[in-house]
Amino acid sequence: LINLHGGGFMWGAGSGALVEAIPVAVVAGIPVVAVDYRLAPEHPYPAAVDDVEAVYRHLLKEHRPEDIGLYGCSAGGMLAAQAVARILTRGLPPPGAVATLCGTGVPFSGDSLTLGQIATGAAPMKQGDLRRLPYLRTAQLGDPVAFPGEDPALLARFPPTLLMAGSRDFSVSSLTTMHRRLLGAGATADLVVFDGLWHAFLVFPDLPESKEAYALIARFFDRHLGHAPR
């Protein structure tokens, strides 16, 4: 598995990555590579996508693509979707499965805009207002790698995808939107919402819900990895 840590594309490396990688590695019994991708503001989009692509290409030297899975939480969830889009657009063999947790491949939508303001104390954000997000300040809404959820033809080629968040997570509207779009494109997609939980609750490993989430993630990858793509 390839883990892409959260942190708004600005922090989360080191111990932040370990709290996402270690529990899933233990529960799933699968080696996890936590990618120390470059961070904003020094390294805006697509630096992180470039780094994940480089790791994926390296792993392909020793592993079949259907044996590799990607997952990430928060910004890492969005980066996981971006990485899959990059892999597909570059003509590389797709991974066996991907999990986008508390973040995904569409811009903030629905309640996410309002809830994100409440969570961060930020000024009102409009749809498509990316200049406040240091990593995405160089991304365009029409870029299918930056926002793969906006490209139905690309979504139709996505590997099986798990989307997971808490119902009080400011990203949950975006996840439900991405889930519907994946289904509409004919892709295999599972959506799991934990009632009452907040953004990135998975990084608190003592929560009973976190342990349940790790088990669901492990079961998802166990079910989908190792199979040649349809």
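**Close-up views of a predicted model**

**View 1. P93 and its surroundings in the predicted model.** P93 lies in the loop between α3 and β4, in a structure that is a predicted model. With a relative accessible area of 34%, P93 counts as partly exposed. Leaving aside the neighbours within four places in sequence, the residues in contact with P93 are Y56, L60, P65 and I87. R57 is 36 residues away from P93 along the chain, and the C-alpha atoms of these two residues are separated by 9.8 Å.

**View 2. The salt bridge between R86 and D50.** Side chains of opposite charge can pair when their charged atoms come close. In the pair formed by R86 and D50, the closest N and O atoms are 2.9 Å apart. R86 belongs to helix α3 (residues 75–89) and D50 to helix α2 (residues 47–59), so this salt bridge ties together parts that are 36 residues apart in sequence. R86 is buried, its relative accessible area being 6%, whereas D50 is partly exposed at 30%.

**View 3. The salt bridge between E53 and R90.** Here, too, the closest N and O atoms of the two partners, E53 and R90, are 2.9 Å apart. E53 is in helix α2, while R90 is in the loop between α3 and β4 (97–101), so the pair ties together parts that are 37 residues apart in sequence. E53 is buried, with a relative accessible area of 8%, and R90 is partly exposed, with a value of 46%.

**View 4. The salt bridge between R223 and D190.** R223 forms a salt bridge with D190, and the closest N and O atoms of this pair are 2.9 Å apart. Because R223 lies in helix α7 (residues 208–224) and D190 in strand β6 (residues 189–194), the pair ties together parts that are 33 residues apart in sequence. Both partners are partly exposed: R223 has a relative accessibility of 43%, and D190 has a relative accessible area of 27%. Turning back to α2 and its surroundings, D50, E53, R57, R86 and R90 are joined into one network by salt bridges that share partners. A search of the whole structure finds 10 salt bridges.

**View 5. Helix α7, its buried side and the face turned away from that side.** The 17 residues of α7 should span 24 Å at 1.5 Å a residue, and the end C-alpha atoms of the helix are 25 Å apart, which agrees. Buried in this helix are S210, A213, Y214, I217, A218, F220, F221 and H224. These residues cover an arc of only 160° around the axis, and therefore they are on the same side of α7. An α-helix has 3.6 residues a turn, so residues three or four places apart point the same way. The buried residues of α7 pack against α1, β3 (69–73), β4, β5 (161–166) and β6. On the face turned away from the buried side, α7 carries the exposed residues P208, R219 and D222. Just after the helix comes G226, which takes a positive phi of about 95°.

**View 6. A nonpolar surface patch that includes I22.** L18, I22, V26 and V27 make a nonpolar patch of about 370 Å² on the surface. One of these residues, I22, is found in helix α1 (residues 15–28), and this residue is partly exposed, with a relative accessible area of 47%.

Technical notes
Residues numbered from 1 in each chain as written. Predicted model: local features only at pLDDT ≥ 70, side-chain atom pairs only at ≥ 80, totals over all residues. Heavy atoms only, no water. Patch = residues over 30% accessible without salt bridge, like charges linked within 9 Å, V, L, I, M, F, W, Y side chains within 5 Å. Areas by Shrake-Rupley, 256 points an atom, 1.4 Å probe, with all protein chains shown as cover. Salt bridge = Lys/Arg side-chain N within 4 Å of Asp/Glu carboxyl O. Helix = DSSP H or I, 4+ residues; strand = E, 2+ residues; numbered from the N terminus. Buried < 20%, exposed > 50% of the residue type's maximum accessible area, 1.4 Å probe, protein only. Expected span 1.5 Å × (residues − 1). Arc of directions from axis to C-beta. Contact = heavy atoms within 4.5 Å.
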